[in-house]
Amino acid sequence: LVPIFRHTQQIKLIYHGRASEHRNLENIIRAVSQFPKKYSLDLMVGTKGTDYTRTKHIRELAATYANVNILEQVPYDQIIKQLQSYDMGIHLLPDTCFNHRHALPNKIFEYIQARLGLIVTPLPEICKLVESHGVGVVTDGETADDCIVALERIQLEDVSRYKEASHKASLILNAEISHEKLVN
């Protein structure tokens with residue numbers, strides 16, 4: 001894959017994954033809603049099983065903002081292809097427990113493989129990965145205000161730089177390279 005550079009004034013953000021209350025989706029929605037001309041946000045979240053009630057709440061909140069949409073999840077083998085039409089992936093995982101603090105969620109790698117820039121919270125492992133590869137922005141925290149500050153700083157030129165950096169990082173941060181390291 002190669003980065004897709006969209007030549008528009010609006011930066012397309014994506015979150016994909018569970019609609020769990022521990023994913024800070026309300027903060028993401030409220031932050032992005034402050035920039036209706038600069039950003040659009042699609043949330044690709046589960047609508048069945050344990051996420052149903054939560055997704056209903058998120059869908060109702062998103063409906064109050066013109067630049068926020070809820071999409072159905074796609075099958076796992078189509079995620080990266082679907083993500084490629086976006087500019088940046090966002091994940092504001094809060095620092096609420098040991099697992100979050102040391103997480104490196106799949107979606108971070110999926111965003112990179114889709115050649116997207118990233119917006120993430122300052123959790124140590126995620127922060128280290130994003131900063132060492134120059135693939136995006138690390139917020140100061142997990143609140144809507146922290147996200148707003150990060151969104152204010154991002155310029156269109158930054159998106160192209162982040163996407164190029166993700167392209168380079170994707171050649172290192174992938175299943176084939178990781179598998180070889182684990183086996184050795």
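Arg115 sits in the loop between α5 and β5 (117-120). In this predicted model, the phi angle of Arg115 is near 65 degrees, a positive value in a residue other than glycine. Arg115 is also buried, because its relative accessibility is 6% and the cut-off for burial is 20%.

A second residue of this kind is Asn24. Its phi is positive, about 60 degrees, although Asn24 is not a glycine. Asn24 belongs to the loop between β1 (11-17) and α1 (25-33). With a relative accessibility of 12%, Asn24 counts as buried.

The nonpolar interior was examined next. The largest nonpolar core contains 56 residues. Those with the most contacts inside this core are Leu13, Leu41, Leu43, Leu151 and Ile154. The surroundings of Leu151 were listed without residues up to four places away in sequence. On that basis, Leu151 touches Leu13, Ala31, Val32, Phe35, Lys38, Tyr39 and Ile119. Leu13 thus appears twice, as a partner of Leu151 and among the core residues with the most contacts.

Leu151 is also one of the buried residues of helix α7, which spans residues 144-153. The others are Ala144, Cys147, Ile148 and Ala150. These buried residues cover an arc of only 165 degrees around the axis, so they lie on the same side of α7. Several elements help to cover them. Among the strands are β1, β2 (39-45), β4 (88-91), β5 and β6 (136-138). Helix α1 takes part as well.

Leu129 offers a view of another region. This residue lies in helix α6, residues 124-133. Leu129 has a relative accessible area of 9% and is therefore buried. Leaving aside neighbours within four places in sequence, Leu129 is in contact with Leu104, Ile108, Phe109, Ile112 and Leu173. Leu129 and Leu43 are 86 residues apart in sequence. In space, their C-alpha atoms are 23 Å apart.

Pockets were then considered. The largest pocket holds about 320 Å³ of space. Its lining comprises 13 residues, and the closest to the centre are Tyr76, Ile80, Phe109, Glu110 and Gln113. Phe109 is also a contact of Leu129. Three helices, α3 (79-83), α5 (106-113) and α9 (175-183), each supply at least two residues of this lining. The largest share, 4 residues, comes from α5. By residue class, the lining of the largest pocket divides into 6 nonpolar, 4 polar and 3 charged residues.

The second largest pocket holds about 150 Å³. Residues from several stretches of the sequence line this pocket. They include Phe5, Arg6, His7, Thr8, Gln10 and Ile11. Asp87 also contributes. Leu156, Glu157, Val159, Ser160 and Lys163 complete the lining. Helix α8, residues 156-170, gives the most, with 5 residues. The lining of the second largest pocket divides into 4 nonpolar, 4 polar and 4 charged residues.

Conventions. Residues numbered from 1 in each chain as written. Predicted model: local features only at pLDDT ≥ 70, side-chain atom pairs only at ≥ 80, totals over all residues. Heavy atoms only, no water. Core = buried A, V, L, I, M, F, W, Y, C linked by side-chain atoms within 4.5 Å. Buried < 20%, exposed > 50% of the residue type's maximum accessible area, 1.4 Å probe, protein only. Contact = heavy atoms within 4.5 Å. 1 Å grid on protein atoms, 1.4 Å probe; cavity = no way out; pocket = protein on both sides within 12 Å on 5 of 7 lines; lining within 4 Å. Points joined across faces, edges and corners; volume = space filled by probe spheres on them. Nonpolar A, V, L, I, M, F, W, Y, C, P; charged D, E, K, R; others polar. Arc of directions from axis to C-beta.
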